[in-house]
Amino acid sequence: MRPGIRDRSGLVAALCLALFGAYVTYVGSNLAYVSDVGPGPGFFPFWIGAGLLFFACYQAIQSMSAPRRQNQSAQPSWRGSGRALAGWLAMALSIFLFGWIGFAASFVLLTIFFIVVIEGRPILPALGIGVALTVIFHVLFVITLGVSLPAGPWGF
Amino acid sequence: MDALGNLLLGFSVALAPVNLFWCFVGVVLGTIVGVLPGLGPAATIAMLLPLTLKMDHTTAIITLAGIFYGARYGGSTTSILLNMPGESSSVATCLDGYQMARQGRAGAALGISAIASFIAGTVGVLGLMLIAPPLARFALRFAPPEYFALMVLGLAMVVFLAGDSMVKALLALLVGLWLATIGTDLFSAESRFTFGQAKLLGGVDFIAATVGIFAIGEVLVNLQSRAGGEIVKLPRGIRNLLPTLQDLKDCRFAFVNGSLIGFFVGALPGAGATVASFLSYGLEKAVSRHPEKFGTGVIEGVAAPEGANNADAGGALVPLLTLGIPGGNTTAILLGGLILWGYKPGPLLIQEHPQLFWGLVASMYVGNVLLLVLNLPLVTLFAQILRLPSHVLHPFIVGISVVGVYSVNNSLFDVWLMALFGLLGYLMRKLDFPAAALILGLVLGDVMERALRQSLMMSQGDLAIFVNRPISATLLAIAAVLLCLPALRWVRAWRSEAVAGEG
């Protein structure tokens, strides 16, 4: 059996969580562990961080050395993650634009990006779908339920 | 007989045309509010409270209570169809409900959710009618040590959410517990992990976290593959869209489990329907003959938590009406309403205002029937949402998530949080970390920490307080047994392998 890292992604995740656990423990230890009336604000974070560090190290060791069992998850495939990440970045940009051009316009742009760029479909139907969904949200939330959404310079 | 006579009085009140009408309005509004993420029953009841000053008080409480338990029915719809919990108590429904939808059984999931809600809601009303005063007295015995033990028991449910890796589940749970510490410490007013952001002083918004992790995370996973078309294939024909007789038979225990756990946990002020739904889900998985299938689209995994979160509504009214103690935000507003109308909720409410109490109880029976009649036909309509092609459904889900989260506090910061949690949810799916464990930690962490610190204050730091009190000791013992289950299974598997090896 060839030795080596059985679950590279799991190892990276475990190491990140271990670092995170160390950070939480550090911050927790800088807060008061006990106070005059009982456990202080640092009590819970300290033990949460310690737990994270312990289990993350255990997970890291498992990822490196445990024999593959039948019920162990297969290596995750990262193919297609580019599309998912692009979708997320588009969503983040859209949220940023809410404050500048309003919900309606940025949501239409986001819909066009999802449909044209990620799904590879024509632009005109994408525009139609974006506008239709925006109108539905406007009628349902803004007019019917009185929820106010970020508006652009054109008032919606 | 006394209870029966009072119930007949209640029905005479509840079936009056005006009360029937407003009960219908309340349950429909509640269902709509439950479907839409971010719009909770608490905010809706608060908005409508001034309008009820012009109504007859019994009619008013019937309407507002209708919104309260109607929202529990509605919360399951988006959980099942879009993996987006409409209410915090519907998070557990996502685990199997959405998987059922992906297998073309959205109708069966929605249908069993409505049926389980009806049965559990009826049990909750029966409980409210028959055992409210003694149950309320028992609930008063729950002090911080008992609440801490109950939260530990809730966290022990992580054993049933773990999937293949217990360690990954514990890591997710700890991250959830950490998220619950973000904000201002209640006891010392110190800020923790706010990273200089004033918006985090109040903590992480629960809706932003759950919608992000479940709904946005799911959209990102679906964007990976360019399959297109419908996300799931829906069977044709109405008969194929509803639960079968076999489904109903399979859920027999789930109906009982959800009803009892939901009602009893609901009667504990502050425990919350979310705890009840996770406890019920965990118990259902523990007694199932095929626990390994939970999380892959098992109908009992929908029936149990949905039953629990509806029975919880009946249970939550127990301390409110008998002791004047609200169990959560929504019941706190109902309490405000009762006081505004001139009532004194407490031990004498039932004797002094029998029309109000029994009218409300009877209207809850009526409301449950109305909700079942409304929701079952709507199953086929709601399930059509899944016929939308993926390139329409994805932006629809993102749009409704954004609007729902924004509407909670009118805050773009919450929307940003939702996006970050969406990325986290995507990564957790890729790396096989169970998101439900994180949500469990987030929900229970704050109450658990508060209860622990209050308990240690009471005992001046002596941990024996948790074992000296019988209720607390019992709950902790059950939690300890649950947490040892994976180790027992590992030992049994190792022994089987050793015996097989010798053979």
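Q: When does a residue count as exposed in this predicted model?
A: The model is predicted, and the test is a count of other C-beta atoms within 10 Å of a residue's own. A residue is buried at 20 or more and partly exposed in between. To be exposed, the count has to be 12 or fewer.

Q: So is B:Gln460 buried or exposed?
A: B:Gln460 sits in the loop between H20 and helix H21 (465–468) of chain B. Because B:Gln460 has 9 other C-beta atoms within 10 Å, and the cut-off is 12 or fewer, it's exposed.

Q: What is odd about the phi of B:Gln460?
A: Most residues other than glycine have a negative phi. B:Gln460 is not a glycine, yet its phi is positive, at about 55°.

Q: Which residue in the loop between strand E1 (183–184) and strand E2 (191–192) of chain B has a positive phi?
A: The residue in that loop isn't a glycine, but its phi is about 65°. With 9 C-beta neighbours inside 10 Å, this residue counts as exposed. It's B:Ala189.

Q: Which helix gives the most to the side of chain B that touches chain A?
A: Overall, 48 residues of chain B are in contact with 56 residues of chain A. Helices H9, H10, H18, H19 and H20 of chain B each supply at least two residues of that side. The top contributor gives 10 residues, and that's H18(B).

Q: How many residues on the side of chain B that touches chain A are nonpolar?
A: Split by class, this side of chain B has 12 polar and 10 charged residues. The nonpolar count is 26.

Methods. Residues numbered from 1 in each chain as written. Chains lettered and ligands numbered in written order. Predicted model: local features only at pLDDT ≥ 70, side-chain atom pairs only at ≥ 80, totals over all residues. Contact = placed C-beta atoms within 7 Å. Helix = DSSP H or I, 4+ residues; strand = E, 2+ residues; numbered from the N terminus. Nonpolar A, V, L, I, M, F, W, Y, C, P; charged D, E, K, R; others polar.
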